Amino acid sequence: FDIEMSADEDSLEKILEEKCAAYDKAAVNATISPNSTGKFDIIDGSDGEELNIESSKTKILEFLKNDFDGSDASVALVVDTVKPKGDSETLSKITDVLGTFSTTYKSSSNDRAKNVSTGCAHLNGTLLYPGEQLSVYEKVSPFTEENGYALAGSYLNGLVVESLGGGICQVSTTLYQAVLRAELQVDERSNHSMVVDYVPHSGDAAIAGTAKDFKFTNNTDYPIYISGRTADRTITFTIYGVETRPSNRTIEFESVDLTTTEPVGDKVIGDSSQPAGYVHVQ
């Protein structure tokens with residue numbers, strides 16, 4: 001009897017995806033880094049490797065059908081080279097300031113100031129290629145001591161509470177204002193439950209877990225570079241790219257209060273960490 005060797009294609013594909021594709025090596029995109037002269041150094045990228053699952057599956061099936069004799073054997077899988085994004089010619093064009101904005105936090109506690117500085121550092125140096133989206137929450141989280149954060153005030157259900165990373169919303173808000181001036185594509189933005197005092201009303205971008213995030217996309221034809229710095233209790237984000245807008249173009253933003261919602265009475269909440277009779281009004 002002629003016996004034809006074959007394999008369950010679904011099982012074979014599952015093995016390739018779960019056990020072989022784990023050895024894929026991601027391509028490292030070319031990027032830039034500021035130098036002491038105020039310009040950028042270009043850092044070349046490197047190739048990646050990715051398992052071609054369909055081609056590898058076909059190669060294994062053909063081997064089983066035509067060449068397998070029952071003894072130990074190996075089949076070289078098909079691996080594709082993944083080229084990185086970016087090159088020196090393109091990145092050398094990133095010299096223009098598309099948008100910049102600063103806010104101050106001079107009245108903040110030391111812990112809140114630390115959180116602002118930490119969040120800014122996590123975003124500094126980000127390079128977005130055309131069509132790529134940035135999630136601020138993904139960039140600055142997790143909010144842990146190991147990731148550089150401390151306990152500071154934040155909004156929760158109409159109250160100011162202590163939380164790890166309190167103040168991170170000023171980071172996202174400052175970046176949001178720079179993104180507006182660069183006229184990038186805003187995909188997601190939420191206001192706070194109560195007003196903040198470091199930007200005009202309607203100018204904030206809150207971060208609250210995955211429920212409130214600030215996301216935007218590079219909708220230009222060139223990469224953009226995000227520079228973030230803190231000095232003298234001031235945080236500044238500057239977005240560099242290739243300016244294609246008319247040189248005489250100006251952008252202005254106006255914030256108008258339509259209504260004001262006043263608090264209704266005092267909210268009394270028990271606090272087991274305080275002695276009996278303790279009252280704190282916000």
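These questions and answers walk through the sheets and helices of a predicted model.

Student: In what order do the four strands of the open sheet stand?
Tutor: The pairing in this sheet is antiparallel. Strand 5 (96-104) and strand 6 (126-128) are its edge strands, and each pairs on one side only. Read across, the order is 5-13-12-6.

Student: How far are neighbouring strands of this sheet turned against each other on average?
Tutor: Take the four-strand sheet, 5-13-12-6. Ignore strand direction and average over the neighbouring strands. The turn comes to 15°.

Student: How many bridges join strand 5 to strand 13?
Tutor: Strand 13 covers residues 234-241 and runs antiparallel to strand 5. Two opposed pairs help to place it: V97 stands opposite Y240, and S102 stands opposite T236. The bridges between strand 5 and strand 13 number eight.

Student: Which residue is the bridge partner of I226 in strand 13?
Tutor: I226 lies in strand 12, which spans 224-231. Strand 12 and strand 13 pair in the antiparallel sense over seven bridges. The partner of I226 is I239.

Student: Which residue in the turn between strand 12 and strand 13 has a positive phi?
Tutor: Strand 12 and strand 13 form a hairpin. Two residues lie between them. The one with a positive phi, about 55°, is D232.

Student: Why is strand 13 described as largely enclosed by the rest of the structure?
Tutor: Buried here means under 20% relative accessible area. Strand 13 has eight residues, and it counts as largely enclosed because the number buried is seven.

Student: Which helix packs on the four-strand sheet and touches strand 6, strand 12 and strand 13?
Tutor: The helix in question covers residues 110-123. Its direction makes about 160° with that of strand 12. It is helix 4.

Student: What length does helix 4 reach from its first C-alpha to its last?
Tutor: Helix 4 has 14 residues. At 1.5 Å a residue, 20 Å is expected. The helix comes close to that, reaching 20 Å.

Student: Which residues of helix 4 are buried, and which residue with a positive phi follows the helix?
Tutor: The buried residues are R112, A113, N115, V116, T118, G119, C120 and L123. After helix 4 comes a residue with phi near 90°. That residue is G125.

Student: Which strands stand at the edges of the three-strand sheet?
Tutor: This open sheet has the order 7-11-10, with antiparallel pairing. Each edge strand has a single partner strand, so one side of each is left without a neighbour in the sheet. The edges are strand 7 (133-135) and strand 10 (185-188).

Student: Which residue stands opposite E188 in strand 11?
Tutor: Strand 11 covers residues 215-217. Three bridges join it to strand 10, and the two run antiparallel. Opposite E188 stands K215.

Student: At what angle does helix 6 run to strand 10?
Tutor: Helix 6 (residues 168-182) lies across strand 5, strand 12 and strand 13, at about 145° to strand 5. Helix 6 also lies across strand 7, strand 10 and strand 11. To strand 10 its angle is about 140°.

Student: What is the handedness of the crossing where helix 1 passes helix 2?
Tutor: Helix 1 (residues 9-20) and helix 2 (residues 53-66) pack at about 130°, with axes 10 Å apart. That makes helix 1 oblique to helix 2. Residues that meet include L12 and L16 in helix 1, and I60 and L61 in helix 2. The crossing is right-handed.

Conventions. Residues are numbered from 1 along each chain as its sequence is written. This is a predicted model: local features need pLDDT of at least 70, side-chain atom pairs count only at pLDDT 80 or more; totals for chains, interfaces and linings use all residues. Side-chain values use heavy atoms; hydrogens and water are left out. Two strands pair if DSSP finds at least two bridges between them. Axes are lines fitted to C-alpha atoms, for helices over the stretch in contact, and angles run from 0 to 180 degrees between N-to-C directions. Contact means heavy atoms within 4.5 Å. The expected span of a helix is 1.5 Å times one less than its number of residues. Buried means under 20% relative accessible area, exposed over 50%, partly exposed in between (1.4 Å probe, protein chains only). Angles under 35 degrees count as roughly parallel, over 145 as roughly antiparallel, 65 to 115 as roughly perpendicular and the rest as oblique. A crossing is left-handed if the near helix is turned anticlockwise from the far one by less than a right angle, and right-handed if clockwise.
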